[in-house]
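Colleague: Please take a close look at the interior of this model for me, and go through its packing step by step. I would like one connected account.

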Amino acid sequence: MSKLWGGRFTKETNKLVEELTASISFDQKLAHEDIEGSIAHVQMLGECNIISKEDADKIKQGLQKVKEKLENGELTYSVANEDIHMNIEKFLIDEIGPVGGKLHTGRSRNDQVATDMHLYLKNHTVEIISLVEAVQAAIIEQAEKNVDTIIPGYTHLQRAQPISFAHHLLAYFWMLERDKGRLLDSLERVNWLPLGAGALAGTTFPIDRERVAELLGFAHVYPNSMDAVSDRDFILEFLSTASILMMHISRLSEELVIWSSQEFQFVELDDSFCTGSSIMPQKKNPDVPELLRAKTGRVYGNLMGLLTVLKGLPLAYNKDMQEDKEGMFDTVETLEGSLQLLAPMIETMVVNVEKMRSAVNHDYSNATDIADYLVTKGLPFRDAHEVIGKTVLYAIEKKKFLLELSLEEYKQFHELFEDDIYEVLTPEHVVGARNSYGGTAPKQVKQQIILAKEALNNVKG
Ligand code: ARG
């Protein structure tokens, strides 16, 4: 089979070389974008009289036909045609004859592939943003039901202070909100059209790049042809943003694994998101959050992979750049898959309010509040901290929790203690007292939910 670039060659390509250099096994994922880009290009060629209107129409119809046939599975890609661009051009020529060869006028595969990648990432970034929003909506839904659910709050994974479970969940809402901001912002850089840059230096034909940008929905045209064909920042930026987003997904997943463990039993994940053990019939494993946690690794790997491919590349296009694709596809698919599972998993998880409550009743996480109590009565915080340290140590030795000490016992440590200490130490009071802006008091959390809903609706509107 003769190659589209075969003219200069006298020998057949070595089979292994063909396999090494071909990208069709993976870049066929760009078929849709490639055809879309070609249709806009040929439309412009016709409008600028670079080829006749008649030929342009024939090519457009041919491309439509190729698209249909691909969708119906009637065409088979060939490694000999190397990549998606040349496979589609071959299909086109098979479909409409030699006139199909006019499609590649005034362009190169270098600006073509860059255009395909921009189109692909633009569409998928928009899709990922809406999937992030679905997770945010699921978080808000659970948060609304759990404003008054009290759970231990941790630092160093040691009980620190009791908090509202809604407050804990909403922390993830804001992480995702920042991820969404980064994704939206990255669209600014994806929204540039490389096509018309040619191989690297522009083209001798009187093309209209603005027109192609308009047809494809790009806001800007790359002003430097060399930059246009060698820029992969837009992919790196996506991979960086994706890495941070995956890290957030992973942290939340880790919490789900911990919370659903026998030791915690704070939540129960729906059966449909868990799997069993082939040997231990009692087990219900949180495979989904475990895998989301693990898949973070491949996303980081894809970022490192592409950063490494690009460092040290001279301008302009180099074949190395073909290695930009698999990591990008893999990241898009990993993210989309993970987000699609996360939303319903959060929605359907059962919150074990009793277990959370009993955990809070059996710890010393209200100790800070005794200190604050003494401070309110006039003692300097440092002195109060010292008094409470001793009180807690005493309670631990007596195997009592702070609500179980008698007033006489309290008075041993400071005469400022009165009967009202018992009211101050209830978990409801401890949580409700943290009523500073952004704090965990139900009043603040309700306010936070209003803000979260506003943030969510803003982007959609
Ligand atoms: N398959 C190639 C890639 O993905 C397309 C560009 C090829 N350009 C070239 N000059 N060989 O990078």
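Modeller: The account below goes from the nonpolar cores to the cavity, and then to a buried loop residue.

This is a predicted model, in which local features need pLDDT of at least 70 and side-chain atom pairs count only at pLDDT 80 or more, while totals for chains, interfaces and linings use all residues. Residues are numbered from 1 along each chain as its sequence is written, and side-chain values use heavy atoms, with hydrogens and water left out.

The largest nonpolar core (buried Ala, Val, Leu, Ile, Met, Phe, Trp, Tyr and Cys residues joined through side-chain atoms within 4.5 Å; buried means under 20% relative accessible area with a 1.4 Å probe, protein chains only) has 103 residues, and Leu121, Ile139, Phe165, Phe238 and Leu245 have the most contacts inside it. Its largest share, 14 residues, is supplied by helix 6, residues 109-145 (helices are DSSP runs of H or I of at least four residues, strands runs of E of at least two, both numbered from the N terminus). Leu245, with residues up to four places away in sequence not counted, is in contact (heavy atoms within 4.5 Å) with Ile128, Val132, Leu176, Asp179, Leu183, Leu335 and Leu339.

A second, separate core of 21 residues includes Ile370, Tyr373, Leu405 and Val424. Ile370 and Tyr373 are among the buried residues of helix 14 (residues 367-376), together with Ala367, Asp369, Ala371 and Leu374, and the cover over these buried residues includes helix 15 (381-397), helix 16 (407-413), helix 17 (421-424) and helix 18 (427-432). After helix 14 comes Gly378, with a positive phi near 110°.

As for empty space, there is one cavity of 30 Å³ or more (a set of points on a 1 Å grid over the protein atoms alone where a 1.4 Å probe fits but cannot get out, with lining residues having an atom within 4 Å of a point). The largest cavity has a volume (the space filled by probe spheres set on the points, which are joined across faces, edges and corners) of about 40 Å³. Its lining consists of Tyr172, Met175, Leu176, His248, Ile249, Leu252 and Leu342, with helix 7 (165-190) and helix 10 (233-259) each giving at least two of the lining residues. Leu176 thus appears in this lining and also among the contacts of Leu245.

Finally, Phe218, in the loop between helix 8 (209-216) and strand 4 (220-221), is buried, with a relative accessible area of 7%. Its contacts, leaving aside neighbours within four places in sequence, include Thr115, His118, Leu119 and Trp192.

Notes: Buried < 20%, exposed > 50% of the residue type's maximum accessible area, 1.4 Å probe, protein only. 1 Å grid on protein atoms, 1.4 Å probe; cavity = no way out; pocket = protein on both sides within 12 Å on 5 of 7 lines; lining within 4 Å.
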